[in-house]
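Me: I am new to this structure and should like to understand its ligand site and one of its cavities. Please show the structure first.

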Amino acid sequence: MADIINLLPDNIANQIAAGEVIQRPASAVKELLENAVDAGATEIQLFIRDAGKELVQVIDNGSGMSDTDARMCFERHATSKIQSIDDLFHIRTMGFRGEALASIAAVAQVEMKTRRPHEDVGTFIEIDNSVIKRQEPCQTAPGTSIAMKNLFFNVPARRNFLKSNAAEMRHIVDEFIRVALAFPHLQFSLNSNGQQMFHLEKGSLKQRVVSILGQHYNAKLVTVKETTDYMNIHGFVGKPETAKKTRGDQFFFVNNRFIKSSYLNHAVMTAFAEMIPSDSFPLYVLFIDLDPAHVDINVHPTKQEIKFDDERILYAFVQSAIKHALAQFSVTPALDFELDPGIQQLDALTQPFTEQKKQQSSNTSIYKTFTHANQAHVIDQSSNLRHWKELYGPALTPDNENTVPSEQPVSSTASVIDERWQEAATDQKVPVQVHQQFILSQIKSGFILIDQRAAHERILYERYQRALSEKPIATQQSLFPQTLELLPADAIVISEMLPDLQALGYDLEPFGQQTFVVRGTPADIQSGNEQASIEGLLEQFKHYSSELKHNRREQLVRAMARNNAIPAGKMLGTREMQNIIDELFACTTPNVSPGGRFTFISFKLNDLERMFDRGA
Ligand code: ADP
Ligand code: MG
């Protein structure tokens, strides 16, 4: 019997291998853009026709190739980026396996022009189905232009698998955006069927984020930056109010390579917890840099998953960095950058969370602004302003607002804006209560409808937070101390919380096993209601204490806020409504209740006019 084993011809072997690397036009876009970046280009143009099915072309002004390299680069395992297995552990380039061009050449028709800057002539090369058709000297600009035509022309089964043009184009734009975000200092453009879709000038990461994701993010980005010996993180998260109902503007890069990680995504989401409604998604564009030796590079480079030495550290690091960032810019109510104690002991992580750092951040003016606001004796307009300014409309917004970096403290301009605020305030109409549940308040751009209970809960929550972290709430001494008899289990709960209760304005004293004497309550609780107030608090506390994610103090604060918030159904006077509005917008996170429900909804004049068919 004859032997039956054959070696596959190169072009078929390449076609099979190509299946891994080039699944659709967008895969070629990614590979070609990354090659241009690796080649040190500063200007990279992408041209697409027919959603990449007809043409994907990348033109760069990078290093170019010699005529031998121009032929070599299409061979499988041809790469200039590694020489030995050791190099694998120090890889900083985007590609290194030498598979992309070989794969592209196996499943499409390729034309390449390339010239090294110091040479007078370049090389033109044409390849079909892995076979070189033509190679000759040519005139061309320094750098490389690679055109991939008629993808899968020789593999009809795969061509049939391609999706609609709209779907394939979306994949292409996704890949383009990922590379463009990772390299803001390079210029990128994307032209599809003769139309310019993107033209991105070199600039800062912030400029790049805004020019890709939208100008409306300009004043809405919070800087994230932490540096340790082990790893660094930098980038931006959107302020909570920019969170959207659809996942979308969320990007993680590890050593500048885009990755998908539901694990790290979770770390970000928990840092945002309670600041945004639970079904919405904050923007983030985050870059994590760590020694490549800690990343498993054996994971295929075209896959977006990635393996790290120690995921737990990374998780804690990402979460803390974001909490820290949000706290520093006074977006978050809880200044709690504490890590899981087990993790905290790791040397590598102690650096960004030292006392000194905490000190630094708590010295920033914006931090002070928010910690002092709302205390009766401190009249701090600047913190009111922050949110008022946004709501009470364009008249309050300085014309150059868009160019002011969002992280700048407002204090320096406070007095100017202050005047405008006064102006706006007098312009306001009296708020109106609707069905004893909502407060309707006119603003420049329309009106807002405030949920009175949710709003008050937010106000109290922040007030109590501050009471625990800095200035205790004043106690109003009762004229006639009352005794409070409790069930044994409740008595234990109360005993454990005594110091915190004290800070929150309760003056309680144990009196035997299950009895307490109530000598005073927070000043805003009506006298005579002492007992009811504490019982209600206990009830709230027990009811919600199964929420394990919060520590006891947090639970206590939440329970108190819930217990003491004015209920729906309570009639409010004009003064009371005005106070709620003022205090709500002095909050650091006015838009949601501690439980994550919206505190108000705004109705825009434009929209209202449109509803009445008046929008011309
Ligand atoms: P890899 O990027 O993994 O090395 P590729 O198949 O993508 O493999 O590219 C093979 C080689 O071709 C690269 O290592 C590089 O030397 C060269 N090359 C590819 N694209 C370019 C380009 N745009 N400019 C200069 N050299 C390039
Ligand atoms: Mg490559």
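Reply: An oxygen atom of ligand 1 lies 3.3 Å from a polar backbone atom of Ala 100, a polar contact being a pair of N or O atoms within 3.5 Å. This is a predicted model, in which local features need pLDDT of at least 70, side-chain atom pairs count only at pLDDT 80 or more, and totals for chains, interfaces and linings use all residues. Residues are numbered from 1 along each chain as written, ligands are numbered from 1 in the order written, and side-chain values use heavy atoms, without hydrogens and water.

Me: Which residue has a side-chain N or O atom 2.5 Å from an oxygen atom of ligand 1?

Reply: Two side chains may be considered here. A polar side-chain atom of Asp 60 lies 2.8 Å from a nitrogen atom of ligand 1. The oxygen atom of ligand 1 is instead approached, at 2.5 Å, by the side chain of Ser 80.

Me: Where does the second largest cavity lie with respect to domain 1 and domain 2?

Reply: A cavity is a set of points on a 1 Å grid over the protein atoms alone where a 1.4 Å probe fits but cannot get out, and its lining residues have an atom within 4 Å of a point. Domain 1 (10-200) and domain 2 (206-328), with bounds from an automatic or database domain assignment, both contribute lining residues. The second largest cavity therefore lies between them.

Me: How many residues line the second largest cavity?

Reply: Among those nearest its centre are Lys 30, Arg 178 and Phe 258. The lining of the second largest cavity counts 13 residues.

Key: Polar contact = N/O pair within 3.5 Å; in protein donor to acceptor, adjacent residues only side chain to side chain. 1 Å grid on protein atoms, 1.4 Å probe; cavity = no way out; pocket = protein on both sides within 12 Å on 5 of 7 lines; lining within 4 Å.
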